[in-house]
Amino acid sequence: MKKWRCTVCNYVHEGDTPPDKCPICGVGPDKFVLIEETEAVAPVKEKKWRCTVCNYIHVGDTPPDVCPVCGVGPEKFVLVEEVEDGLTDKEREALQTLLFNVSYGLYIISSVRDEKLNGMVSNTFIQVTSTPLKASVCLGKGTLTSEYVRESGVFGVSILGKDNHDLIKHFGYQSGRDVDKFKDLSYITGKTGCPGLLETLCFVECEVEQTIDLGTHYMFIGKVVDGDGFSKDEPMTYAYYHATR
Ligand SMILES: Cc1cc2nc3c(=O)[nH]c(=O)nc-3n(C[C@H](O)[C@H](O)[C@H](O)COP(=O)(O)O)c2cc1C
């Protein structure tokens with residue numbers, strides 16, 4: 001039996017062809033890739049490589065020449081460290097399936113370094129306390145934005161509305177190492193120097209108070225220091241984005 005992996009959420013489907021729709025994240029058959037025989041037979045021994053632009057996982061001794069999802073080259077792949085969590089791949093997959101029930105919003109996290117601006121899409125921004133106002137976000141170590149946040153100690157958050165699909169493509173599927181993402185976009189510059197996108201619902205700014213090393217990601221916890229509102233449309237959710245993109 002062939003196995004097909006969803007490149008968006010990593011769900012594995014068994015059958016001769018990929019499913020019409022991923023039962024977890026809702027994407028179509030074009031987002032599924034055939035799992036190589038080697039991966040199915042010896043999953044633990046194979047190296048895994050993660051695309052730092054779109055998070056696609058490639059299994060093999062070396063990264064692929066071209067990412068089959070977003071098209072970037074091998075230099076954008078990082079080796080995924082073996083996880084020491086005491087779970088088998090199957091157990092981890094089953095628990096991950098439960099965690100797909102968690103709801104998320106979508107945000108552009110921005111920062112600044114030497115007057116250069118950058119930003120990326122994240123679903124991990126969340127308010128953590130209200131007095132004082134604090135929030136956190138988890139950014140992959142390979143992202144340019146996480147480098148900027150570590151060096152500047154500040155990050156901005158543009159909260160996306162239901163019509164902001166274009167911004168998700170622009171900020172989530174390419175890196176600021178290759179393009180100037182803020183060129184040609186309208187934004188305000190906040191008191192921290194971070195840019196806030198005017199096409200979004202609103203913008204808040206944070207000063208980092210704690211940085212926690214999570215292995216693959218940094219978690220930044222910051223004090224909310226300023227903000228501005230631009231629109232009263234409905235906020236974008238991760239589930240809505242996947243259903244409508
Ligand atoms: C819907 C969506 C959600 C994402 N959420 C996160 C996230 O929470 N953390 C993260 O590190 N990357 C996330 N990404 C991937 C980054 O946005 C992507 O790697 C980006 O190209 C990094 O850009 P940079 O290198 O310019 O910082 C997400 C991408 C998409 C499309």
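What follows is a chat about a predicted model of a protein with a ligand.

Me: Let's start with the ligand. How many residues surround the ligand, and which are the closest?

Reply: In this predicted model, the ligand is surrounded by 25 residues, and the closest of them are T52, G140, T145, S175 and G176.

Me: What is the make-up of that shell by class?

Reply: The shell around the ligand has 14 polar residues and ten nonpolar ones, together with one charged residue.

Me: And which helices and strands each supply at least two residues of the shell?

Reply: There are two strands, β8 (116-122) and β10 (134-140), and two helices, α3 (144-152) and α4 (165-172), that each supply at least two residues. Strand β8 gives the most to the shell, with five residues.

Me: Which polar side-chain atom lies 2.6 Å from an oxygen atom of the ligand?

Reply: That atom belongs to T145, whose side chain places a polar atom 2.6 Å from a ligand oxygen. The side chain of S122 also has an N or O atom 2.9 Å from an oxygen atom of the ligand, while a polar side-chain atom of N123 lies 2.9 Å from a nitrogen atom of the ligand.

Me: How much of the ligand does the protein bury?

Reply: Taken alone, the ligand exposes 660 Å², and the protein buries 94% of that area.

Me: Back to α3 for a moment. Is S146 in that helix buried or exposed?

Reply: S146, which has its place in helix α3, is buried, because its relative accessible area is 1%. A polar atom of the S146 side chain lies 3.0 Å from the backbone oxygen of T143.

Me: Now the strands. Which strands does β14 join, and by how many bridges?

Reply: Strand β14 (residues 202-213) is joined to strand β11 (residues 154-159) by six bridges, and the two run antiparallel. Strand β14 is also joined to β15 (residues 217-229), by eleven bridges, and this pair runs antiparallel as well.

Me: Which residues stand opposite each other there?

Reply: For the pairing with β11, I159 stands opposite C202 in β14. For the pairing with β15, I212 stands opposite M219.

Me: What about the turn between β14 and β15?

Reply: The two strands form a hairpin with three residues between them, and G215 in that hairpin takes a positive phi near 90°.

Me: How do β9 and β10 run, and how many bridges join them?

Reply: Strand β9 (residues 126-129) and β10 run antiparallel and are joined by three bridges, with I126 standing opposite S136 in β10. A hairpin of four residues joins the two strands. P132 is found in the loop between them, and the peptide bond joining T131 to P132 is cis, with omega at about 0°.

Me: Why mention a cis bond at all?

Reply: Cis bonds are worth pointing out because most peptide bonds are trans, and in the same spirit most residues other than glycine have a negative phi.

Me: Which residues have a positive phi although they are not glycines?

Reply: Two examples are D114, with a positive phi of about 45°, and D184, with a positive phi of about 70°. D114 is found in the loop between β7 (107-113) and β8, whereas D184 is in the loop between α4 and β12 (187-189).

Me: Are D114 and D184 buried or exposed?

Reply: D114 counts as exposed because its relative accessible area is 73%. D184 is exposed too, because its relative accessibility is 73%, and the cut-off for exposed is over 50%.

Me: Switching to cysteines, how many disulfides does the structure hold?

Reply: The structure holds zero disulfides. C138 is in no disulfide, and the nearest cysteine sulfur, which belongs to C206, is 13 Å away. A disulfide would need the two sulfur atoms within 2.5 Å.

Me: Why do C138 and C51 count as buried?

Reply: C138 counts as buried because its relative accessible area is 19%, and the cut-off for buried is under 20%. C51 counts as buried because its relative accessibility is 0%.

Me: One last residue, K47: where does K47 lie?

Reply: K47 lies in the loop between α1 (37-41) and β4 (48-51). K47 counts as partly exposed because its relative accessibility is 39%. The C-alpha atoms of K47 and P68 are separated by 17 Å, and the two residues are 21 residues apart along the chain.

Note on methods:
Residues are numbered from 1 along each chain as its sequence is written. This is a predicted model: local features need pLDDT of at least 70, side-chain atom pairs count only at pLDDT 80 or more; totals for chains, interfaces and linings use all residues. Side-chain values use heavy atoms; hydrogens and water are left out. A residue is near a molecule or strand if one of its heavy atoms lies within 4 Å of it. A polar contact is a pair of N or O atoms within 3.5 Å; within protein, one must be able to donate a hydrogen and the other to accept it, and residues adjacent in sequence count only if both atoms are side-chain atoms. Accessible areas come from the Shrake-Rupley method with a 1.4 Å probe; for residues, only the protein chains shown count as cover. Ala, Val, Leu, Ile, Met, Phe, Trp, Tyr, Cys and Pro count as nonpolar, Asp, Glu, Lys and Arg as charged, and the others, Gly among them, as polar. Two strands pair if DSSP finds at least two bridges between them. Buried means under 20% relative accessible area, exposed over 50%, partly exposed in between (1.4 Å probe, protein chains only).
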